[in-house]
Amino acid sequence: MKIVERLTKIDRRIIYLVLAIVVLIPLISRSPERVRVMPPVEKLYNAVDTIPKDKVLIIDFGYAPQDMPELEPMGFALLRHAFEKRIKVLALCLYVQPLGLAQKALTEVTEEFNSVAQSNTDSIIYGRDYVFLGWQPPPLIPMLGMGISITNVYPADYYGNKTDTLSLMKDVKNYNDVALLVSLSAGSIPRHWVAYAQNRFGVAVAAGVTAVSAADFYQYYQTGQFTGLMTGMKGAAEYEELVETRLNIKKSRKASEALPSLTYGHLVMIAFIIIGNIGYFVQRKRRQK
Amino acid sequence: MSISLSPWIWISALLSLAVFSFLYKDNPFYRFAEHLFIGVANGYAVTFYYHNILVPTLFDPLFRQGKLLYIIPFIIGILYFTRFIPRISWLVRIPIGITIGYYVGASIPATTQAFIIKQIQGTVLTSTNFQAWNAGSWGIVWSVIVFIGVFCSLSYFYFSKEHKGVLGVTSRIGILFVMIGFGAAFGYTVMARISLLIGRLQFLLGDWLGIIQ
């Protein structure tokens, strides 16, 4: 019985240590894991894939450093998909913290494409293929204002260029020219895009959210308010899988590489929960005797 | 294996380890990292808001370009600071009232439509909702489960009548759905937290130590 008592009183530091080892080993050994793509992610992929040439994709980069492991791979995969298919992208942020991370994603993915480009047509060019609108507070202003005029809400882009002078913006006036808006966020912002941009202007909205908030968003996917949904690192890995298998883009897949660690980490957590429960019920039974 | 030579990577890595040290127990390294983070975050926010909001959207138009209409938002903004002067602190109600009025006016119709009406539509048993699952005849089953779940969960939160009889049955079923919801949310929370750990380990092993690519 002493074993049971010990199991219920495992030092939390031992749990941390076991978890760290279990997560660490697959990262170093790089054991691959098959990624099974679920319908919410596939729908998002298909929605991006079928964006017409005369429409744009808006990506709201809403992740801060603490959300990077889950949301940054989504941003990279989305940009790779859009740039590969030559879909025009408008990037924006509703808060200050994600600005640098959005710029990082745009710069790195642009460099990936331009490093192998043969000509100007193959290249991804700022102002022609994508525009980084930057940040315009408070969030409600761009959400509603872009329904009237995007250049009015963002007279200058992130780099200080006048947006109405950029070639991409000449054909993009408001939400009528937007095929899909994808919000990558750790908070409630995707719901607000639905409430303000979709409800009033009819723009299609999809979301990439952290796992901790996933349960709050599935109902919007079920009702069709979200065109597609990516949740957590698993959702990011699924989109990476689609980009690699369907577009044959073989680049770093941070979310997919982390999946084995995620799986084993979960198994350890389940094991500890079972051990804790066994200990609890055995002790309760003893007390009742 | 190629250890990073970038000082920024080293600072980031050492601060990450300092924060991780809290898992063992509270210590000066953790407290240093925590205080540094709060200081840097606040300093960054204050300077960023000043240079990117106050200067271009208020100070420049008002004081440099002489657009006198901007005096109105300037005064409304200044009124927030009257909270520090007890004799005229009541004036703070003006900017608060304007802000609340604007947001309430904008949000009530939008959120009612998006969060209540659309969600109710999604719960009603219609052929459109059955097909939305893309699951063939199983779409009916999933829709019925959602309907029962919503109905019973709502009945659990109906406190004006004692939970006996039919209400007792539906509320007990409702609590099952609520518990399943909590379980799903907890599972996702575990996933999110482990993802954060993985992200940091990817940085430490990859960007810092160069053990993984």
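This is a walk through a predicted model of two chains, A and B, from the confidence scores to the helices that join them.

Residues are numbered from 1 along each chain as its sequence is written, while chains are lettered from A and ligands numbered from 1 in the order in which they are written. Because the model is predicted, local features need pLDDT of at least 70 and side-chain atom pairs count only at pLDDT 80 or more, whereas totals for chains, interfaces and linings use all residues.

Let us begin with confidence. The predictor assigns the complex an ipTM of 0.90 and a pTM of 0.91. For chain B, the average pLDDT (the predictor's confidence in each residue, from 0 to 100) is 94, and 100% of the residues score at least 70. Within chain B, helix α1 (residues 7–20) has the highest confidence, at 96, and helix α5 (residues 127–132) the lowest, at a mean of 87. Helices here are DSSP runs of H or I with at least four residues, and strands are runs of E with at least two, numbered from the N terminus.

Now turn to chain A. Its domain assignment, automatic or from a database, gives domain 1 (1–31 + 255–289) and domain 2 (35–252). The centres of these two domains of chain A, taken over C-alpha atoms, are separated by 38 Å. Five residues of domain 1 of chain A are in contact (C-beta atoms, placed from the backbone, within 7 Å) with seven residues of domain 2 of chain A.

Chain A also holds an open sheet of six strands with parallel pairing, in the order β3-β2-β1-β4-β5-β6; two strands pair if DSSP finds at least two bridges between them. At the edges stand β3 (130–135) and β6 (226–231) of chain A, each with a single partner strand, so one side of each has no neighbour in the sheet. At the β3(A) edge, β2 (residues 88–93) of chain A pairs with β3(A) over five bridges, and Ala91(A) stands opposite Phe132(A). Helix α5 (residues 99–114) of chain A lies across β1 (56–62), β2 and β3 of chain A, running at about 170 degrees to β3(A). Angles run from 0 to 180 degrees between N-to-C directions, and axes are lines fitted to C-alpha atoms, for helices over the stretch in contact.

How do the chains meet? In all, 36 residues of chain B are in contact with 38 residues of chain A. Helices α2 (28–64), α4 (93–123) and α7 (165–208) of chain B each supply at least two residues of the side that touches chain A, and α7(B) gives the largest share, 17 residues.

Follow α7(B) to two of its partners. Across the interface, helix α4 (residues 68–84) of chain A packs against α7(B) at about 80 degrees, with the axes 8 Å apart. That makes α4(A) roughly perpendicular to α7(B), a label for angles of 65 to 115 degrees; under 35 counts as roughly parallel, over 145 as roughly antiparallel and the rest as oblique. Here Met68(A), Pro69(A) and Glu70(A) meet residues of α7(B), including Ala192(B) and Leu196(B).

Within chain B, the axes of α6 (residues 138–156) and α7(B) come within 7 Å and cross at roughly 110 degrees. Helix α6(B) is therefore roughly perpendicular to α7(B). Among the residues that meet are Phe151(B) and Tyr156(B) in α6(B), and Leu167(B) and Phe177(B) in α7(B).

How values were computed: Contact = placed C-beta atoms within 7 Å.
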